[in-house]
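Me: I would like a close look at one part of this model, with the surrounding elements brought in where they help. Please take the salt bridges as the starting point.

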Amino acid sequence: MNTFYSFLPKKIADQLLTLSPVERERIEEIRIRIGRPLEISLHDGVRFIDMEMTKEDAVQFLNKLSHYSVYTMDEELKRGYITVEGGHRVGLAGKVILEESSVKAIRDIASFNVRIAKEKIGSAEPFAPFLYNGAKWLHTMIIGPPQTGKTTILRDLARIASSGNAKHKIPALKVGIVDERSEIAGCLDGIPQMTFGTRVDVLDSCPKAEGMMMMIRSMSPNILVVDEVGRKEDGEAILEAVNAGVQLIMTTHGTSFEEIKNRPTLKPIMESGIFERYVELNRANGPGTVSAIRNGHGQILREMKVM
């Protein structure tokens, strides 16, 4: 049974098990809202299950997520999500508690969004040769809206880089993953649960901007891997990392190269010419559809589909 069933309330897990094996494999999100039916997002649409969630269900779910120690999860509640074994992420919504105009916590949680982490080994292999030039990995940014497979592709690129690939003559290199939301590596007690090569090191639950420099100083990686870059401080850390001689592979939310190149928080690094490859994803044929691979000038090198 998939690991995400183990932390769901039993009556919800039982309902999911009434779905066919094919449908269960295609689940991307499970949304639990007090007073509303259960919502299941599949690859090809949304299904509602006619069972109303109660406040008791929400309390039971939060207790299971926290191992019955909610007070130990202040930092997670402040961020608005909890990452569980297997790299699955549970988003939270409810009453926000402020302290000096900053979010202190979320209380009276009324909505949960379980995002299912899926490992697709080999999903990045068709286009890895476009990102490795025979001597080194090229600075690469993966672009896509939510649920387009960005993290899945990023994870597989980290696997290829840390294990090597004889077919494409790619050597195994030291890979440092800064996993701010514990989604890339799915660490449990600091140990990655996802599949990587022997040369990978992970900073789990660490802010990207700070973590990139920590990783460079402490583990001297050849390649840095980070997810969902977008804040001003992320861009500043990227510039520092490049000056330290580290290759970068990362993702960002966006619909296209054209859209993100004018985004204020990303514009400085886009204009610097750091990135040598851009991979655009969409859901035209399901998560992982590559609409284009572009060079550093934005010119299309190849259109293709993976996964």
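Which residue forms a salt bridge with Arg-181, and how far apart are the closest N and O atoms?

Reply: This is a predicted model, and in it the partner of Arg-181 is Glu-183, with the closest N and O atoms 3.0 Å apart. Both Glu-183 and Arg-181 are buried. The pair does not stand alone, for salt bridges that share partners join Arg-89, Arg-181, Glu-183, Asp-227 and Glu-228 into one network.

A search of the whole structure finds 22 salt bridges, and two others can be set beside this one. Glu-29 forms a salt bridge with Arg-31, where the closest N and O atoms are 3.1 Å apart; here Glu-29 is buried, at a relative accessible area of 5%, whereas Arg-31 is partly exposed, at 25%. Glu-259 and Arg-263 form another, with 2.9 Å between the closest N and O atoms, and Glu-259 is partly exposed, its relative accessible area being 34%. Because buried means under 20% relative accessible area and exposed means over 50%, the 34% of Glu-259 places this residue in the partly exposed class.

One member of the network, Arg-89, leads to the hairpins, since β5 covers residues 89-99. Strand β5 pairs with β4, residues 81-83, in the antiparallel sense over 3 bridges, and within this pairing Tyr-81 stands opposite Gly-91. The hairpin of β4 and β5 has 5 residues between the strands, and Gly-86 takes a positive phi near 95° there. On pairing with β6, strand β5 is again antiparallel, over 10 bridges, and Val-90 has Val-114 of β6 as its bridge partner. That hairpin has 2 residues between the strands, and in it Glu-100 takes a positive phi near 55°.

After β6 (102-115), the loop that runs to α5 (128-131) contains Ser-123. Ser-123 is buried, with a relative accessible area of 5%, and a polar atom of the Ser-123 side chain lies 2.9 Å from the backbone oxygen of Lys-120.

The sheet beyond this loop deserves a description of its own. It is an open sheet of 8 strands with mixed pairing, in the order β9-β8-β10-β11-β7-β12-β13-β14. Its edge strands are β9 (200-204) and β14 (300-302), each of which pairs on one side only. Neighbouring strands of the sheet are turned by 20° against each other on average, direction ignored. Within the sheet, β7 (residues 140-144) and β12 (residues 277-282) run parallel and are joined by 4 bridges, with Met-141 standing opposite Tyr-278 of β12.

Helix α6, residues 150-163, packs on this sheet and touches β7, β8 (175-179), β9, β10 (223-226), β11 (247-253) and β12, while its direction makes about 170° with that of β11. Of the 14 residues of α6, 13 are buried, so the helix is largely enclosed by the rest of the structure. The length of α6 is consistent as well, because at 1.5 Å a residue its 14 residues should span 20 Å, and the end C-alpha atoms are 20 Å apart. Gly-164 follows α6 and has a positive phi, near 80°.

Key:
Residues numbered from 1 in each chain as written. Predicted model: local features only at pLDDT ≥ 70, side-chain atom pairs only at ≥ 80, totals over all residues. Heavy atoms only, no water. Buried < 20%, exposed > 50% of the residue type's maximum accessible area, 1.4 Å probe, protein only. Polar contact = N/O pair within 3.5 Å; in protein donor to acceptor, adjacent residues only side chain to side chain. Pairing = 2+ DSSP bridges. Axes fitted to C-alpha atoms, helices over the stretch in contact; angles between N-to-C directions. Contact = heavy atoms within 4.5 Å. Expected span 1.5 Å × (residues − 1). Salt bridge = Lys/Arg side-chain N within 4 Å of Asp/Glu carboxyl O.
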